[in-house]
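Hi,

Here is the structure I promised to pass on. Have a look at it first, and my notes follow underneath.

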Amino acid sequence: MPREALEAIMLVGGKGTRLRPLTLSEPKPLLPTAGVPFLTHQLVRAAECGITHVVLATSYRAEMFTEAFGDGAALGLSIDYVHESSPLGTGGGIRNAASLLHGGPEDPIVVLNGDVLSAHDLPAQVDLHRKREAAVTLHLVEVEDPSRYGVVPTERGGRVTAFLEKTPHPVTNRINAGCYVFRRSVIDQIPPGRVVSVERETFPELIAADALVMGYAESAYWLDVGTPEAFVRGSCDLVLGLMPSTAVPHPAGSDPSPGSAASLGAATSPVAAAEFLLLDDAQVAADAVLSGGTVAGARSVVSAGAVVHGSVLFDGAVIGAGAVVRDSIVGFGATIDDGAVLDGAIIGDRAFIGSRNELARGLRVWPDVRLEPTSVRFSTDA
């Protein structure tokens with residue numbers, strides 16, 4: 001039996017400041033992730049879950065979303081765009097985007113955050129929402145450290161009893177996972193034209209008014225990719241198949257263009273062959289080692305003896321001979337020269353990291369910066 005068509009609002013207006021310098025030129029939801037813009041994974045999954053119409057609530061560099069996705073037809077969707085000239089918060093953004101929805105007051109509206117990877121059963125969340133005739137149904141997950149998130153205690157039957165945003169003493173490890181199903185009429189009650197937070201205003205006010213707010217808890221893969229560490233992890237998990245996505249361009253370890261220089265990087269073991277993704281015209285030396293879900297972007301170069309583990313190389317990045325790159329992001333057209341070492345570093349577009357530099361511990365290099373050889377070291381053996 002086919003699912004009923006659904007509408008969704010996707011919040012993609014943030015500036016992604018935690019991911020700078022990568023987001024100085026591109027919004028976080030458009031950063032390359034396992035071979036495609038991050039948002040592509042969310043949109044494709046939304047279509048697979050029965051969503052047919054999406055309204056993207058944009059603000060920062062809004063025109064880039066239209067350029068990337070157009071009318072959505074290529075993804076099996078109809079996409080509309082609404083622009084916030086100044087950020088309106090989560091609730092204000094949802095209210096602003098609702099003007100482009102087609103459904104009636106009782107219809108369920110899915111709201112997605114543009115910085116979350118989730119494999120949870122969205123149709124099951126919608127089904128719970130319908131059966132309980134809830135005002136809002138929240139996707140909930142359990143995490144080890146809930147103090148960084150909004151925690152959501154519930155009754156035995158799943159009714160939400162409170163919404164406590166980023167409290168230092170959490171009463172539960174069950175948190176808000178950033179996917180909501182609203183009754184359309186509830187969205188229409190959010191005050192228009194001003195900054196509103198659903199986490200700090202809308203949800204607590206609904207609970208205080210005894211409206212039925214439900215929690216849908218599930219333990220499927222979930223990740224907030226707002227930090228550099230999480231962004232790298234999300235990309236690697238997609239490549240490794242830990243987070244399933246049909247938007248990944250081709251299987252990990254396979255050659256996107258047989259006969260091209262990328263074939264030089266063919267791995268020698270079955271395990272290694274499943275641990276990296278090469279995009280079009282990537283050139284990888286035969287003795288270079290790529291692993292841990294690494295992505296080598298289009299036209300990137302990984303030279304002889306280089307080791308790249310659990311990292312994301314954007315298009316045109318160059319990794320020199322004998323360089324080591326771990327758990328890092330190398331921006332568009334950036335160069336990591338021979339023998340340099342990156343460990344948990346973020347390198348901006350077109351930056352140059354000279355030979356025998358060591359960058360670690362979350363160091364960030366801004367676009368177009370040139371770091372001469374042996375300028376930064378953690379070791380004493382230069």
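Let me start in a loop: E144 sits between β8 and β9 (150-151). Keep in mind throughout that this is a predicted model. Buried or exposed, then, for E144? The answer is exposed, at a relative accessible area of 84%. If you want a pair to orient yourself with, try E144 and G354: they are 210 residues apart along the chain, and their C-alpha atoms are separated by 39 Å.

**The chain as a whole**

In secondary structure, the protein chain has eight helices and 30 strands. Its radius of gyration is 22 Å and the globule rule gives 21 Å for 382 residues, so the chain is as compact as a globular protein of that length. Along the principal axes, the C-alpha atoms fill a box of roughly 65 × 45 × 40 Å.

Some bulk numbers, since you'll probably ask. Of the 382 residues, 53% count as buried. Take the contacts between residues at least 6 apart in sequence: 53% of these join residues at least 24 apart. The exposed area of the protein chain is about 15,900 Å², with carbon and sulfur atoms supplying 52% of it. As for charges, there are 29 positive and 44 negative ones, and the mean positions of the two sets are 5 Å apart.

**Around β11**

Back to β8, the strand on one side of the E144 loop. Strand β8 covers residues 136-142 and pairs with β11 in the antiparallel sense, over six bridges. β11 is also joined to strand β6 (residues 108-113), again antiparallel, by five bridges. One residue to click on here is V181 in β11: V110 stands opposite it, and V181 is also the bridge partner of T137.

How much of β11 is buried? Eight of the 10 residues in this strand (residues 174-183) are, so β11 is largely enclosed by the rest of the structure.

**Helix α1**

Helix α1 (residues 38-48) has a similar story to tell. Eight of its 11 residues are buried, so the helix is largely enclosed by the rest of the structure. The buried ones are F38, L39, T40, H41, Q42, L43, V44 and A46. Just after α1 comes G50, with a positive phi of about 100 degrees.

**Two parallel sheets**

Now for the sheets. One is an open sheet of six strands with parallel pairing, in the order β14-β17-β20-β23-β26-β29. Its edge strands are β14 (276-278) and β29 (364-365), each of which pairs on one side only. Within this sheet, strand β20 (residues 312-313) and strand β23 (residues 329-330) pair in the parallel sense over two bridges, and L313 has V330 in β23 as its bridge partner.

The other is also an open sheet of six strands with parallel pairing, and its order is β15-β18-β21-β24-β27-β30. At its edges stand β15 (283-284) and β30 (370-371); each has a single partner strand, so one side of each is left without a neighbour in the sheet. The partner of β30 is strand β27 (residues 352-353), which pairs with it in the parallel sense over two bridges. There, F352 stands opposite R370 in β30.

**Backbone spots to check**

Which residues other than glycine have a positive phi? Here are two to look at, D327 and R350.

- D327 has phi near 50 degrees. This residue lies in the loop between β22 (324-326) and β23, and at 42% relative accessibility it counts as partly exposed.
- R350 has a phi of about 65 degrees. Its place is in the loop between β26 (346-347) and β27, and at 48% relative accessibility R350 counts as partly exposed too.

There is also a cis peptide bond, from R20 to P21, with omega near 15 degrees. P21 is found in the loop between β1 (6-11) and β2 (32-33).

Cheers

Notes:
Residues numbered from 1 in each chain as written. Predicted model: local features only at pLDDT ≥ 70, side-chain atom pairs only at ≥ 80, totals over all residues. Heavy atoms only, no water. Helix = DSSP H or I, 4+ residues; strand = E, 2+ residues; numbered from the N terminus. Rg over C-alpha atoms; globule rule 2.2 N^0.38 Å. Buried < 20%, exposed > 50% of the residue type's maximum accessible area, 1.4 Å probe, protein only. Contact = heavy atoms within 4.5 Å. Areas by Shrake-Rupley, 256 points an atom, 1.4 Å probe, with all protein chains shown as cover. Lys, Arg positive; Asp, Glu negative; His and termini not counted. Charge placed at Lys NZ, Arg CZ, Asp CG, Glu CD. Pairing = 2+ DSSP bridges.
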